[in-house]
Amino acid sequence: MKTPSSQTNSSEGSDIQAERERIFTIAFWSSLLSGREGLGDTFWFGNYLFGLMAFPLIFLIAIQAPLDRILSIVSLLFSLYFLVVARAVSLSKPKGDAGAGWKIAGVFVTLLHVASTFICAL
């Protein structure tokens, strides 16, 4: 039985590796926040990959009682970031035959993130 790594040829593997490395560059995030990446990449990376990296910081700040003001400022900054992501999702182009419904849903969910981080800032 073949293992998954033996089922892909070396050029596919190097393409996947290059794409993974690209995700962690400033050029990628600039392109993503400008709405020049695909709808799925913009939504998922903009909302959730960033959150996986940033929300542990919010948690560490939140457990420090005297730093409530800093938590409010950080939450407000995240609200502004999610507004930029909502704009990018609205500008991005879906790949394939995805309709406008996915774009509307993506903008709506991202705006929910804006609301939740803004409420934390209050």
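This is a short talk on the helices, the buried and exposed residues, the aromatic rings and the nonpolar surface of one protein model.

Before anything else, please keep in mind that the model is predicted. The values I quote are computed from that model.

Let me start with the overall layout. The protein has six helices and zero strands. Read from the N terminus, the order of elements is α-α-α-α-α-α. The chain has 122 residues, and 31% of them are buried. The exposed area comes to about 8,100 Å², with carbon and sulfur atoms supplying 70% of that area. Now take the contacts between residues at least 6 apart in sequence: 67% of these join residues at least 24 apart.

Next, a few single residues, beginning with Ser31. Ser31 sits in helix α3, which covers residues 26-33. Is Ser31 buried or exposed? Its relative accessible area is 10%, so Ser31 is buried, given that the cut-off for buried is under 20%. What does the side chain of Ser31 contact? It makes a polar contact, at 2.7 Å, with the side chain of Glu37. If we set aside residues up to four places away in sequence, Ser31 touches Arg36 and Glu37.

Moving along the chain, Ala62 belongs to helix α4, residues 39-62. Ala62 counts as partly exposed because its relative accessibility is 39%, and that class lies between 20% and 50%. From Ala62 to Ser72 there are 10 residues in sequence, and the C-alpha atoms are 9.4 Å apart in space.

Helix α5 deserves two stops. The first is Val85, which is found in this helix. With 1% relative accessibility, Val85 counts as buried. Which residues is Val85 in contact with, leaving aside neighbours within four places in sequence? The list is Leu33, Thr42, Gly46, Asn47 and Thr110. Take Thr42 from that list. Val85 and Thr42 are 43 residues apart in sequence, yet 7.5 Å apart from C-alpha to C-alpha.

The second stop is Leu76, also found in helix α5. Leu76 has 39% relative accessibility and therefore counts as partly exposed. Leu76 is one of the residues in a nonpolar patch on the surface. The full membership is Ile73, Leu76, Leu77, Leu80, Leu83, Leu111, Phe118, Ile119 and Leu122. Together they have about 890 Å² of accessible area. Which helices each supply at least two residues of the patch? They are α5, residues 68-91, and α6, residues 100-121. Helix α5 gives the most, with five residues.

Last, the aromatic rings. A pair of aromatic rings is described by two values, the distance of the centres and the angle of the planes. The rule used here, with ring centres within 6.5 Å, gives nine aromatic pairs. One of them is formed by Phe28 and Trp29, with 5.8 Å from centre to centre and 85° between the planes. The pair is edge-to-face, since that label applies to angles over 60 degrees. Phe28 and Trp29 are both buried. They also belong to one aromatic cluster, together with Phe45, Phe50, Phe78, Tyr81 and Phe82.

To recap, we have a predicted model with six helices and zero strands. Ser31 and Val85 gave us two buried residues. On the surface there is a nonpolar patch, to which α5 gives the most. That is the end of the talk.

Technical notes
Residues numbered from 1 in each chain as written. Predicted model: local features only at pLDDT ≥ 70, side-chain atom pairs only at ≥ 80, totals over all residues. Heavy atoms only, no water. Helix = DSSP H or I, 4+ residues; strand = E, 2+ residues; numbered from the N terminus. Buried < 20%, exposed > 50% of the residue type's maximum accessible area, 1.4 Å probe, protein only. Polar contact = N/O pair within 3.5 Å; in protein donor to acceptor, adjacent residues only side chain to side chain. Contact = heavy atoms within 4.5 Å. Patch = residues over 30% accessible without salt bridge, like charges linked within 9 Å, V, L, I, M, F, W, Y side chains within 5 Å. Areas by Shrake-Rupley, 256 points an atom, 1.4 Å probe, with all protein chains shown as cover. Salt bridge = Lys/Arg side-chain N within 4 Å of Asp/Glu carboxyl O. Phe/Tyr/Trp six-rings, centres within 6.5 Å; stacked < 30°, edge-to-face > 60°.
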